[in-house]
Amino acid sequence: MQTTFYLQQMPLDDIDRTAEILSNDSIRINTNIKSRFRVSDFRALQRYSVHSPLRVIAHIDLDAFYAQCESVRLGLDPDIPLACQQWQGLIAINYAARKFGISRHENIADAKKKCPDLVLAHVATWKEGEESWAYRPDPDIATHKVSLDPYRQQSRLIFNILNSACEKVEKAGLDEAFLDLSKLVYEDILSDFPQINTIMQQAKEQQNDDALVPLPGLESNELSFEGFVVAVDPESENSAHRSDQVDWDDMAMMYASKIAKKIRDRVLQELYYTCSAGISCNKMLAKLCSAYKKPNNQTVLRRDAISSFLSTVKFSKIRGLGGKLGDDIASIFEVPEEGSIPFLLKFSLSELKAAVGDESASWLYRVIRGKDNSELSPKEEIKSMLSAKNFRPSVTTIKQVEKWLKIFVADIMGRILDMGPTDKSGGSKIPKTLTVGVRCSKSRSKRAIVPACLIAKLPEVLYNTAINLFNTMEKDSPILPCYHMSMSVTDFDSNEGSGGIDKFLVRPRVRVSSGENNFINQNLTDSDQNAKRNLEQDENTAGLTTSTTYICEVCQRDIEIAKHDEHSDWHFAKSLARQLHEEDPSASHLVGESETSQSFPLSSPPQKRKHIGTTSRNSRVSKEQKLEKGQRKLF
């Protein structure tokens with residue numbers, strides 16, 4: 001049974017009189033009407049305005065997602081320690097294992113010493129000569145390629161739930177998303193407080209959206225939040241207006257906490273995955289909050305608690321300040337480890353501008369005060385895909401090349417079909433260009449136009465185009481043996497043919513498996529769009545991008561696909577230098593190191609800075625990374 005609340009000092013039969021009072025300029029500042037919010041604020045809430053003082057954003061983050069996927073696949077209790085294994089390294093650790101002090105990229109033998117009962121689940125792999133991925137007991141790095149398709153599949157199911165619960169969702173990675181709950185909160189408020197709707201209608205008729213909305217008529221002890229609620233800062237700018245009376249920003253956060261909890265409960269009940277959430281007034285704060293009480297919890301941060309909350313957060317935890325920009329700021333201002341944000345608040349905007357330039361300073365000045373007006377970005381169009389493999393030992397025969405190109409085709413085809421229908425007819429996108437890259441004695445690549453075809457013929461067309469490119473390069477100058485090979489596709493066409501061509505296109509259908517999948521013959525649904533974190537990639541795994549770039553998993557930079565070989569050679573040189581240093585510390589100078597292209601984190605600071613160089617998504621790489629030196633931090 002739905003409960004209907006009433007506004008303070010507003011019997012239901014007095015609504016008309018109240019509207020008249022609210023529309024009178026001389027009465028709008030009446031001290032009896034304590035709400036700080038106007039009709040215009042509610043309208044802004046309804047239309048997802050970033051400037052609404054009632055705006056509510058949730059960040060939902062799966063808890064140790066890869067490890068959870070493996071626990072669910074194996075039917076294990078989440079309290080059983082488990083680690084995802086890739087070759088001889090660990091790439092993801094569940095929370096049960098973390099209690100034993102096990103960390104990512106730790107030596108397997110050392111991890112087993114800490115926790116003898118640790119379950120090791122090797123990621124799925126593609127096998128040379130086969131066109132489907134599978135979970136295999138003892139995959140060999142020389143003949144296998146890592147597949148993250150099982151995690152993509154589970155991610156699609158999770159996003160099905162998120163998208164069905166909220167119409168404005170931004171995918172920030174396989175395991176995290178931002179949800180704008182503003183409109184849902186607005187609808188819940190109007191459902192429980194029908195008088196608000198009447199007031200808004202009358203304000204519209206009288207063209208007076210500045211009318212103040214009466215208070216809800218609840219005391220603070222009557223609020224019922226879901227999750228941990230950060231205490232209000234008694235020195236905040238609005239604390240003087242509060243006393244024990246609840247205002248509409250409190251109500252908005254309360255409703256949002258309940259919506260987020262229902263979504264998290266759905267994910268758990270339907271898919272058996274726990275996730276954490278942060279609820280606040282913008283994306284930056286919501287993301288900080290989602291990590292605050294992990295795992296399987298949520299944190300609510302109201303506006304009046306922002307300053308006290310940020311005083312406990314390291315400034316480098318703010319999105320966009322964890323890489324080179326953050327390192328440079330820490331160096332320039334000598335920022336202390338503790339109390340870093342209160343320390344930076346002491347600097348004026350002009351002082352910041354003098355050090356880091358106008359745009360970066362303006363952005364920094366705002367974010368350390370908890371201000372972020374960035375929009376949620378719904379679906380981003382995928383413009384390129386990349387599949388690659390480092391060979392250990394090198395590939396020496398054309399037969400091996402043919403087998404690996406077939407795997408690359410199957411890998412990319414699976415994700416093309418995963419994008420789902422791109423028009424009303426259900427047709428899939430087809431790439432226009434294909435590039436094959438190799439590295440042997442030197443880096444080489446060749447590009448060709450993909451012949452027009454129906455989606456059902458695309459695997460064959462992609463393979464024929466790729467092998468022809470390879471043979472052409474081999475004919476020009478021998479390239480075998482080669483130690484690296486890649487295939488990328490770009491410039492997707494939406495298959496908008498004439499007449500009835502759409503009826504011949506592959507129609508996606510739902511099919512999910514935790515085991516083997518043939519990605520040439522299998523049809524999947526749901527868009528697997530790219531986002532800031534791009535968890536799909538590793539050194540032996542393809543990744544999706546939203547431009548003609550990919551994210552290097554070693555250094556976390558956006559790299560142009562055209563410069564893929566050059567950039568990989570740079571990392572190869574660094575790796576060789578480390579090996580030389582281990583064998584002979586005096587020999588490491590034989591291999592030089594130089595920086596290559598970088599780019600600023602997506603959706604964060606301005607991209608132009610006068611005094612600080614461009615930054616990477618995460619410029620710090622663990623010194624312990626060896627073996628599979630491509631796995632980025634997943635959680």
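This text walks through selected parts of a predicted model, from a sheet to its aromatic pairs and a late helix.

Start with the sheet. Three strands build it, in the order 3-2-4. The sheet is open, and its pairing is mixed. Strand 3 (89-93) and strand 4 (119-122) are the edge strands, each pairing on one side only. Neighbouring strands are turned by 40 degrees against each other on average, with direction ignored. Strand 2 covers residues 82-86. Strand 2 pairs with strand 3 in the antiparallel sense, over four bridges. Within this pairing, cysteine 84 stands opposite alanine 92 of strand 3. A helix packs on the sheet: helix 3, residues 65-74. Helix 3 touches strand 2, strand 3 and strand 4. The direction of helix 3 makes about 105 degrees with that of strand 2.

Now the aromatic rings. A pair of rings is described by the distance of the centres and the angle of the planes. The model holds eleven aromatic pairs. Phenylalanine 65 and tyrosine 66 form one of them. Their ring centres are 6.2 Å apart, with 65 degrees between the planes. That angle makes the pair edge-to-face, because planes over 60 degrees apart count as such. Both partners are shielded. Phenylalanine 65 has a relative accessible area of 0% and is buried. Tyrosine 66, at 1%, is buried too. A second edge-to-face pair joins phenylalanine 193 and tryptophan 248, at 5.0 Å centre to centre and 85 degrees between the planes. This pair links distant parts of the chain, 55 residues apart. Phenylalanine 193 sits in the loop between helix 7 (182-192) and helix 8 (194-205). Tryptophan 248 belongs to helix 9, residues 248-271. Phenylalanine 193 and tryptophan 248 are both buried. Ring pairs also build a cluster, made of Phe65, Tyr66, Tyr151 and Tyr273.

Two single residues come next. Leucine 45 lies in helix 2, residues 39-46. Its relative accessibility is 0%, so leucine 45 counts as buried: the cut-off is under 20%. Ten residues along the sequence from leucine 45 is arginine 55. In space, the two C-alpha atoms are 5.8 Å apart. Leaving out residues up to four places away in sequence, leucine 45 touches Ser52, Leu54, Arg55, Ser182, Lys183, Val185 and Tyr186.

Histidine 144 is in strand 7, residues 144-146. Histidine 144 is buried as well, with a relative accessible area of 6%. Its side chain makes a polar contact of 3.0 Å with the side chain of threonine 143. Beyond four places in sequence, histidine 144 touches Trp87, Thr125, Trp126, Lys127, Arg136, Pro139, Lys389 and Trp404.

Last comes helix 12, residues 324-333. Which of its residues are buried? They are Leu325, Gly326, Asp328, Ile329 and Phe333. Seen down the helix axis, these residues fall within an arc of 160 degrees, so they line one face of helix 12. What do the buried residues pack against? Their partners are helix 13 (340-344), helix 14 (349-356) and helix 15 (358-367). After helix 12 comes glutamate 334. The phi of glutamate 334 is positive, near 55 degrees.

Technical notes
Residues numbered from 1 in each chain as written. Predicted model: local features only at pLDDT ≥ 70, side-chain atom pairs only at ≥ 80, totals over all residues. Heavy atoms only, no water. Buried < 20%, exposed > 50% of the residue type's maximum accessible area, 1.4 Å probe, protein only. Helix = DSSP H or I, 4+ residues; strand = E, 2+ residues; numbered from the N terminus. Arc of directions from axis to C-beta. Contact = heavy atoms within 4.5 Å. Pairing = 2+ DSSP bridges. Axes fitted to C-alpha atoms, helices over the stretch in contact; angles between N-to-C directions. Polar contact = N/O pair within 3.5 Å; in protein donor to acceptor, adjacent residues only side chain to side chain. Phe/Tyr/Trp six-rings, centres within 6.5 Å; stacked < 30°, edge-to-face > 60°.
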